[in-house]
Amino acid sequence: MSTTITVISGDGIGPEVTNATLSVLEAAGAGLAYDHQLGGVAAVEAVRDPLPPETLDSIRRTGVALKGPLTTPLGSGFRSINVAIRKEFELFANVRPVVTLVPGQRYEDIDLVLIRENTEGLYVGVEHYIGLEGDPRAAAESVMIITRFGAERIVRYAFEYAKENGRKKVTLSHKANILKFTQGLFLEAGEEVAREFEGEVEFESRIIDATAMLLVKDPYSLDVLVMENMFGDILSDLMAGLVGGLGVAPAANIGKDVSMFEAVHGSAPDIAGKGLANPSSLILAAAMMLDHVGQPEPAARIRTAIREALADPGNRTRDLGGEANTSDFVEAMIRQLG
Ligand code: NAI
Ligand code: MG
């Protein structure tokens, strides 16, 4: 039995961490076949299109994509391809588990999940400049869009996720005290959904800045967190920092028909091509993907192997304070899986 998935290696460290992940998937005995496609700067260079139609067709066909990071030029240039893919397939839920794998980080035994709304908020990209007194860029304006439909959908997803995964509590984070309309609607819609789960999953709401403080001060008091797009983007990096950083932070982008699995980190141009990248984030994302396609056994084997490999400081990459390079780490994982 094998499931075909679309693979996009991505830019910067993308090809390094993707190759590492494919070797680990093979060693874990995953039943997968790969449809390799282009995206990002690599695609611009090859076919002058950051998101070629063949890539979109492939994802539509397979329904599952494993994607390395894609470089987004700042300010000018094309818009984020990551955002474009999320939009194209309505990947509304961005699921980011934050779990301790490496002892000796900021905290021990962290086990949190952030569920980020992935299609609305400020990231809809409705923004423009306002000219004033001869300065065409005297001001700029971005529009935050929150819909009742989108808010209900993501909060319901968070509760269903909590139920399915034996989680105790959902915390909705917001800024309704200041942004009374947009964030107010998110909170109101969320509270309504929460009532459907009364007695099954605990619910609380917190202001986003207070949530950030609590995450740093007492992360054990939180469990599943749900929030709109930009808050989730920011707090997921903060949460990754609790357990060792972006090198160990996976993400699943879930839609009705299509799901895409990736690392939280970007293309890390500062270390690209040097063999220094920690591939753990994408490997963990691949384990989430295996669960998603109904292959929990190789997923569990990968999670055990990554834990065991990282337990030895000699296998840790530099981002985790070690000296190992990408291939040392992959070899250690493959030995664990062997
Ligand atoms: P980044 O996540 O690429 O790098 C931030 C820092 O973390 C760098 O010092 C980098 O060396 C380090 N780092 C990241 N991943 C690592 C890994 N696996 N192992 C070891 N160290 C790692 O963020 P940055 O530099 O802000 O963005 C670079 C590019 O990536 C930008 O074009 C950005 O738009 C894009 N990006 C793409 C994402 C995606 O494809 N989902 C997500 C975030 C950024
Ligand atoms: Mg981010």
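# A walk through the predicted model

The buried residues of helix H3 pack against strand S1 (3-8), strand S2 (32-37), strand S3 (64-67) and helix H4 (81-88). Keep in mind as you read that this is a predicted model. Helix H3 itself covers residues 53-62, and its buried residues are Thr-55, Leu-56, Ser-58, Ile-59 and Thr-62. Viewed down the axis of H3, these buried residues fall within an arc of 160°, so they line one face of the helix. Just after H3 comes Gly-63, whose phi is positive at about 75°.

Let us follow two of the packing partners of H3, starting with strand S2. Asp-35 sits in strand S2. Is Asp-35 buried or exposed? Asp-35 counts as buried because its relative accessibility is 17%, and the limit for buried is under 20%. The side chain of Asp-35 makes a polar contact of 3.2 Å with the side chain of Gln-37. Beyond its neighbours within four places in sequence, Asp-35 is in contact with Thr-4, Ile-5, Thr-6 and Val-7, and also with Ser-58 and Arg-61. Ser-58 is one of the buried residues of H3, so you can pick up the helix again from this side of the packing.

The other partner to visit is helix H4, where you will find Ile-81. With a relative accessible area of 5%, Ile-81 is buried. Which residues does Ile-81 contact, once its neighbours within four places in sequence are left aside? They are Gly-40, Pro-50, Leu-51, Leu-70 and Thr-72. Take Leu-51 from that list: Leu-51 and Ile-81 are 30 residues apart in sequence, while their C-alpha atoms are 6.7 Å apart in space.

Thr-72 leads us on to the ligand. In total, 20 residues surround ligand 1, and the closest are Thr-72, Gly-266, Ala-268, Asp-270 and Asn-278. By residue class, this shell divides into nine nonpolar, seven polar and four charged residues. Several backbone atoms come up to oxygen atoms of the ligand. A polar backbone atom of Thr-72 is 2.8 Å from an oxygen atom of ligand 1. For Ser-267, a backbone N or O atom lies 3.0 Å from an oxygen atom of ligand 1, and for Ala-268 the corresponding distance from a backbone N or O atom to a ligand oxygen is 2.7 Å. Taken alone, ligand 1 exposes 810 Å², and the protein buries 69% of that area.

Ala-268 deserves a second look for its backbone. Ala-268 is placed in the loop between strand S12 (259-263) and helix H9 (280-292). Although it is not a glycine, Ala-268 has a positive phi of about 40°. As background, most residues other than glycine have a negative phi. Glu-133 is another non-glycine residue with a positive phi, in this case near 45°. Glu-133 is also in a loop, between strand S6 (127-132) and strand S7 (135-142). At 81% relative accessibility, Glu-133 counts as exposed.

For a contrast in accessibility, turn to Asn-94 in strand S4, which spans residues 93-99. Asn-94 is buried, with a relative accessible area of 0%. Its side chain is joined to that of Arg-96 by a polar contact of 3.1 Å. Leaving aside neighbours within four places in sequence, Asn-94 is in contact with Arg-86, with Leu-114, Ile-115, Arg-116 and Asn-118, and with Ala-251, Ala-252 and Asn-253.

Two more stops complete the tour. Phe-197 is found in the loop between helix H6 (182-196) and strand S9 (202-207). Where does Phe-197 stand on the scale of accessibility, buried or exposed? At 4% relative accessibility, Phe-197 counts as buried. Not counting residues up to four places away in sequence, Phe-197 touches Arg-156, Phe-159, Glu-160 and Lys-163. If you would like a sense of scale, Phe-197 and Gln-336 are 139 residues apart in sequence and 41 Å apart in space, C-alpha to C-alpha.

The last stop is Gly-241, which lies in helix H8 (residues 229-242). Gly-241 counts as partly exposed, at 39% relative accessibility. Between Gly-241 and Glu-192 there are 32 Å in space, C-alpha to C-alpha, and the two are 49 residues apart in sequence.

Conventions. Residues are numbered from 1 along each chain as its sequence is written. Chains are lettered from A and ligands numbered from 1 in the order in which they are written. This is a predicted model: local features need pLDDT of at least 70, side-chain atom pairs count only at pLDDT 80 or more; totals for chains, interfaces and linings use all residues. Side-chain values use heavy atoms; hydrogens and water are left out. A residue is near a molecule or strand if one of its heavy atoms lies within 4 Å of it. A polar contact is a pair of N or O atoms within 3.5 Å; within protein, one must be able to donate a hydrogen and the other to accept it, and residues adjacent in sequence count only if both atoms are side-chain atoms. Accessible areas come from the Shrake-Rupley method with a 1.4 Å probe; for residues, only the protein chains shown count as cover. Ala, Val, Leu, Ile, Met, Phe, Trp, Tyr, Cys and Pro count as nonpolar, Asp, Glu, Lys and Arg as charged, and the others, Gly among them, as polar. Buried means under 20% relative accessible area, exposed over 50%, partly exposed in between (1.4 Å probe, protein chains only). Helices (H or I, at least four residues) and strands (E, at least two) are DSSP runs, numbered from the N terminus. The arc is that of the directions from the helix axis to the C-beta atoms. Contact means heavy atoms within 4.5 Å.
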